[in-house]
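The exercises below are to be worked with the sequence and the coordinates at hand. Each gives a task and then a solution in steps.

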Number of protein chains: 2
Amino acid sequence: MTSRPQAARTRKPPGERRAEILHTAARIALDEGLERITLRRVADELGVRPGLIGHYFPAADDLVSEAFAHAAAQERDTLLPPGSHEADRSPTARLAGFLVRLTGADCLDLSRLWLNARHLSRFKPGLRATVREQESLTRTALTGLVEEGVRRGEFRTDDPLGATLHILVTVDGLGAYANDDIDSGSNGESNGDDLNHPALQDLALTVAEHRLALTPGLLRAAAI
Amino acid sequence: MTSRPQAARTRKPPGERRAEILHTAARIALDEGLERITLRRVADELGVRPGLIGHYFPAADDLVSEAFAHAAAQERDTLLPPGSHEADRSPTARLAGFLVRLTGADCLDLSRLWLNARHLSRFKPGLRATVREQESLTRTALTGLVEEGVRRGEFRTDDPLGATLHILVTVDGLGAYANDDIDSGSNGESNGDDLNHPALQDLALTVAEHRLALTPGLLRAAAI
DNA sequence: AGCCTTATTGGTCAGATGGCCAACTACGTG
DNA sequence: CACGTAGTTGGCCATCTGACCAATAAGGCT
């Protein structure tokens, strides 16, 4: 047999190895949760020994924090791409895309991750700080989008920050149910159907349209 | 010495002991989080041996689920007392009291608990079912309050359930920030001040007034 | 009073976790 | 080619967790 129990010991430059660990940890966080980020778990995934992970992250909590930051930033760049090279798309289209995709079913992992981080930050001060930073970044990005929309005359509000906060509270509120499996209906006393209430489907869009003085249905229509 | 290392072995009727365990576990959950509910932790608190807790709850997850249900139900009865003996208070006053107290700082523990349970339910099927039940109970109670308000002519809406869901989404969204310590401002790049934005202070009240066609400020004024 | 059910104890066990450290070796440097 | 830095290994440890079980004794019953 050519494959021995111990894989070939490959030696990588610290920066690359560190990035590799972070990337793996972020994926685990999105797939299975932040508490599944464990020295052994990451090591197994990478085919290295647990001690190596501990070498790059002497405090395991730091790995968790940075992995969350990595995942959150990556998802944010996808959902709310920074302005410069997106200047051609209208703020309305960008906001619609952001909200529609964010509250869509394919983004459940992200909602779960935020729920995860917000709770876990109760016990981990480092993660708490990271969560606040990521919240701040999202808030700033969305506020910028709203302000640009106001400048272009697409949105109308006297309080861009207030509108942003309201929209985000709504998004986070919808995200609170990310772990309720939707498909467990047909339960007589269950509440499975309530979460499919039409008022909830487009709630984030409705709130945004209300706060930004848009005609109802505009955002849904603007979503590609 | 009159106090020996082993306390007097007291034997209690099963029902009483079980209730005692549940009460203690619920308090731990509210104070420190659901993951702090541990056989040993509860046993220490009660001055008994860990094995005894395991005897009453052969599956530790069931203790967690029931403790959450206990805490959630207790808090709900406080914030949203069932109708009969509260029929004298107007729906407006009851709704205002519910929202003001719920989003108040003294209710942080409750928000944290829900955040905790919603995340933890990702890994514990039993807890997931319990969370859904408790959500359903709160939803039913609030919907009943809204419908009564509509009957009395205090509220106006064609979709009581939709209004209830919207209000609860907003409450849950605000609760998402329960673990961000508010008092860490004066941080140049921090977002501590954003959470003190005036639009957030009364957001739940504002949404409720909007959905129920109430004059702005009415609920704040109706809160005792 | 004695008995008998069972609440309660005390101990063990396996599994998982983070942290630590000496030894090994891959790889760039001289 | 030899050397030495440092990336990597393998192993050990303390700690915490839930689960399990035989032995004990408390308290109600006859």
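**Exercise 1.** Determine which helix of chain B holds B:Ser65, and decide whether B:Ser65 is buried or exposed.

*Solution.* In this predicted model, B:Ser65 lies in helix α4 of chain B, which covers residues 60-79. The relative accessible area of B:Ser65 is 7%, and the cut-off for a buried residue is under 20%, so B:Ser65 is classed as buried. When neighbours within four places in sequence are set aside, the residues in contact with B:Ser65 are B:Gly126, B:Leu127 and B:Thr130.

**Exercise 2.** Describe the extent of the interface between chain A and chain B, and state which three residues of chain A supply the most buried area.

*Solution.* Begin with the count of residues: 49 residues of chain A are in contact with 49 residues of chain B. Turn next to the area, which comes to about 4300 Å² buried between the two chains, with 52% of it given by carbon and sulfur atoms. Finally, divide the part that chain A buries against chain B by residue: A:Arg122, A:Arg132 and A:Val169 supply 18% of it, more than any other three residues.

**Exercise 3.** Work out which polar and charged pairs cross the interface of chain A and chain B, and which helices of chain A build its side.

*Solution.* Two salt bridges are found across the interface of chain A and chain B. One of these pairs B:Asp194 with A:Arg139, whose closest N and O atoms are 3.5 Å apart; the cut-off is 4 Å, so this pair qualifies. Polar contacts across the interface of chain A and chain B number 14 residue pairs, both residues being at pLDDT 80 or more. As for the helices, those of chain A that each supply at least two residues to the side touching chain B are α1 (14-32), α6 (108-120), α7 (125-151), α8 (160-175), α9 (198-201) and α10 (203-211). The largest share, ten residues, comes from α8(A). Sorted by class, the side of chain A that touches chain B has 16 nonpolar, 16 polar and 17 charged residues.

**Exercise 4.** Establish what turn and what shift lay chain A on chain B, and what kind of axis relates them.

*Solution.* A turn of 180° with a shift of 0.0 Å along the axis lays chain A on chain B with an RMSD of 0.0 Å, which means that the relation is that of a two-fold axis. Within chain A, the C-alpha nearest the axis belongs to A:Gly173 and is 1.7 Å from it. The same surface serves both copies, since 100% of the contact residues of chain A recur in chain B.

How values were computed. Residues numbered from 1 in each chain as written. Chains lettered and ligands numbered in written order. Predicted model: local features only at pLDDT ≥ 70, side-chain atom pairs only at ≥ 80, totals over all residues. Heavy atoms only, no water. Contact = heavy atoms within 4.5 Å. Buried area = accessible area lost by both parts, 1.4 Å probe. Salt bridge = Lys/Arg side-chain N within 4 Å of Asp/Glu carboxyl O. Polar contact = N/O pair within 3.5 Å; in protein donor to acceptor, adjacent residues only side chain to side chain. Helix = DSSP H or I, 4+ residues; strand = E, 2+ residues; numbered from the N terminus. Nonpolar A, V, L, I, M, F, W, Y, C, P; charged D, E, K, R; others polar. Buried < 20%, exposed > 50% of the residue type's maximum accessible area, 1.4 Å probe, protein only. Least-squares fit on C-alpha atoms with pLDDT ≥ 70 in both.
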